[in-house]
Amino acid sequence: MEAILTDCVQNSLHHFMYRNAIFICERLCAEFPSETNMQLLAGCYLHDNQSYAAYHILKGMQMAQSRYLFALSCFQMDLLKEAEAALCPANEPGAEIPNGAAGHYLLGLIYRYTDRRKSAVHHFKQALSVDPLMWAAYEELCVLGAAEEATAVFGDAAALCIQKQYLSHGSASQSLNMPNEDRSAVSARNFGPGPDDASPRQLKHMQGNNLRDIPGNYHGAAAVQSSNGGSSNISFYNTPSPMVSQLSGVAPPPLYRNVQPNVPNPSIPIADSSPRSTVNSTIQAPRRKFVDEGKLRKISGRLFSDSGPRRSTRLSGDGGANANVSATMAVGNGTSNSSKYFGGSKLSSMAFRAVTVRKGQSWTNENIDEGIRNENFDDSRSNSTLTTSSSSPSGDTRSLEQEGAVIPINADIMNGSRSISGASEIMDLLRTLGEGYRLSCMYRCQEALDVYLKLPQKHYNTGWVLSQVGKAYFELVDYLEADWAFSLARQASPYSLEGMDMYSTVLYHLKEDMKLSYLAQELISTDRLAPESWCAMGNCYSLQKDHETALRNFQRSVQLNPRFAYAHTLCGHEYVALEDFDNGIKSYQSALRVDTRHYNSWYGLGMIYLRQEKYEFSEHHFRMAFQINPYSSVIMCYLGIALHVLKRNDEALVIMEKAILADKKNPLPMYQKANILVSLEKFDEALEVLEELKEYIPRESSVFALMGTIYKRHNMHEKAMLHFGLALDLKPPATDVAAIKSAIEKLHVPDELEEEM
Amino acid sequence: MATESSEGEEEGKITSGNHVLIVEDDLRELGKKAAWSVSSCKPGNGVGSLRDDNLETYWQSDGAQPHLVNIQFQKKVKLQLVVLYVDFKLDESYTPSKISIRSGDGFHNLKEIKTMELIKPSGWVYVSLSGNDPRETFVNTFMLQIAVLSNHLNGRDTHVRQIKLYGPRPNPIPHQPFHFTSREFITYSCVR
């Protein structure tokens, strides 16, 4: 009964029928309370986004998988201390982190959000070394500013690592199977004598065939299955990245344990080899085989004795279809029995997938059930042999198709040597993407753009890459190019919201209110609960100078995801526009709590202190922003302004020169330089600069106004008059009009220090 | 609504009011920064009704004329425009007819800067505080006092439905002598 219920749950999860899964699972737990079943129930709740339920169920459990799921629920409920305690118990400093790479990743996130940057970095690096495909960990490292070069991380060693993972399926899938198997073992036992009977028979059977191979294959199968399961996991996961990374996390640890014995073993019994083929088969193998075993046992001990020769037939590569995905168990010999097996295995594979969804690594603790293992082993081996045939690749592909990356790898696995090229292709891709992302996080945007251009067209024209390109242009203050890149990104993936908050800011800068309101409307209609949509809406109102409504929208965005730094920063900007500096400071500081390298918030704080005339603070904050983004001419310009008001004019001028060089298109550093020169009474140099600036930007009122004031100081009244007139023609706002007109009036009055200047 | 709105030099006459409140873009409302008080009020129709953005509610005075609305700031602010919402059709004898605007540092040194005569106004009434001189575009002050000297039809008490104060926007970039006008300057002038 337990097995049936478990299968049903797995099946429902596989089909995304969460309510059904939860209901059946609750019956399962009521009938057979065991930690594995509770894990399954918690997993169902997590799928259904009810992390509080999972939290209560898993509280206090000690199995590795339970601890991982518990930590995940705590993390989602924002109970970081408990999450950390679960993953890394205080009284067991040497305990292994559950779920390998995924566990490290989750722990890294916890450390990041509790301000322990070094530990976070350490764990993310661990996660990557265990599983080089954990892009999310690399991303976090880039955001924290601690990423190594992509070539180092996604290098050849990493490629080898992946190959091993997918080659030695044995360990991984075995381990994956373990949990299933464990559960099935439990349920099998509940059946009564069946499983137990089967086990000894199986054992003997095994022994009949190459005992040595058994453990190897078993592991292989497990490994394979786990990796497959992993991929399926990905498809099942709706929950945040730590879960996804599980996939990768699943494979490695068990894998490594079993690598040695596995690799040689599988090759021996199986003709064509590839233990990899076991991958596919293993996935399907586990549970269901279990149930079928029970029935089969009843049918015959003969079944088992038959399985020997059948197995060898299968082993010789009879070309059965991979039972994994398809029911095509076209096995040559012993078809009927095998089909039963495979039918079982197919179901079990589904169950397996569902189980893997749980990211269960309980196998680590519970690889105990010999009997079950053997059974699985048997099946998996047979499966693997079958998979060696051509149909298996398709099976593999099907099971794998849920995970794009894995597919090429698995397909390659079919062919031992191909796995190497597959892994290295993936590494190439990740290397380029990683390098590009790292450079753009360090604000070396031009280099990042060059790196992204190296991507093949099909990858470049995807939403994510185009968004990154847009982001790079945005940081370069090239808003037109950014607009173009982001609009392409929208075309490539119209449903994707990542980076759209930045797109809305680009449109804000370009003052394109039509496009911006259209974007905001579209985003809200796509997803009302995404922080990016409300950021876009807020930008729309801010552009129309309705700062109160904009602020409300940004606050909504913050409510939706308090860990979205940009929403806090935008709130800060609106508070400043409303002249509510205290709340502005609070908002900027919240943003910095989430992401210390968010230079916009440092800049915002600098601006507030500049307005409040706390010049030392202002200079400090601008300098922090400058350290994070040393390529931004705008930040350099403001640092210069802060130094100028602190009367450190020499340093100010140095920075201004740097700013002028950094971005030729930015007129402000030149203007500020002129301003500083005026205050230093170096009027001629100032005029030179302003003349140059005038050529570049002919219609800027403030340039003429400043020139007018300089001429006025020199008593060159006509020139002053001319320039003031030109300044007025360019329609400055009322305050400037007043200032300029009064300056004109005073032209004929002996020169005194004017307040406006 | 109506068409004419004539203003004299010292004393202005306004014959109508606008239905819609339209203010230039480079002005912003400053009332939120001030402490508002009135010389007298009827319970339920207090000073809050002057600032609640609701044209149905009004302030009703309850004492001797002149009725005063005092607006005090913590720092000196530049003010350019005062806008009142009054309605003869609804308030008749409660509608103010002569208004005087005074400014100063506090109650002790208020000086009159503007007077206005309203003739059956109905809607938003704009009272500019600027002088003729360009140097006098703004009134830079700690306190403003709006005094209702007399009402239509010789009414004793007055109804005012809403008052708004406007002044120039500050330069978005601090410590600059002038505002930026061109797109290039504005684009590069801030990080968002």
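**The interface of chains A and B, and helix 5 of chain A**

In this predicted model, 33 residues of chain B are in contact (heavy atoms within 4.5 Å) with 62 residues of chain A. Local features need pLDDT of at least 70 and side-chain atom pairs count only at pLDDT 80 or more, whereas totals for chains, interfaces and linings use all residues. Residues are numbered from 1 along each chain as its sequence is written, chains are lettered from A in the order in which they are written, and side-chain values use heavy atoms, with hydrogens and water left out.

The area buried between the two chains, that is, the accessible area (1.4 Å probe) that both lose on being put together, summed over both, is about 4,000 Å², and carbon and sulfur atoms give 61% of it. On the side of chain B, the residues that lose the most area to chain A are B:Phe178, B:Tyr188 and B:Arg192, which together account for 27% of what that side buries.

Four salt bridges (a side-chain nitrogen of Lys or Arg within 4 Å of a carboxyl oxygen of Asp or Glu) are found across this interface. B:Arg192 forms a salt bridge with A:Glu574, in which the closest N and O atoms are 3.0 Å apart.

Within chain A, helix 5 (a DSSP run of H or I, at least four residues, numbered from the N terminus) covers residues 64-76. Of its 13 residues, 12 are buried (under 20% relative accessible area, 1.4 Å probe, protein chains only), so helix 5 is largely enclosed by the rest of the structure. Among the buried residues are A:Arg67, A:Tyr68 and A:Phe70. Just after helix 5, A:Asp78 takes a positive phi of about 70 degrees.

Methods: Helix = DSSP H or I, 4+ residues; strand = E, 2+ residues; numbered from the N terminus. Expected span 1.5 Å × (residues − 1). Buried < 20%, exposed > 50% of the residue type's maximum accessible area, 1.4 Å probe, protein only.
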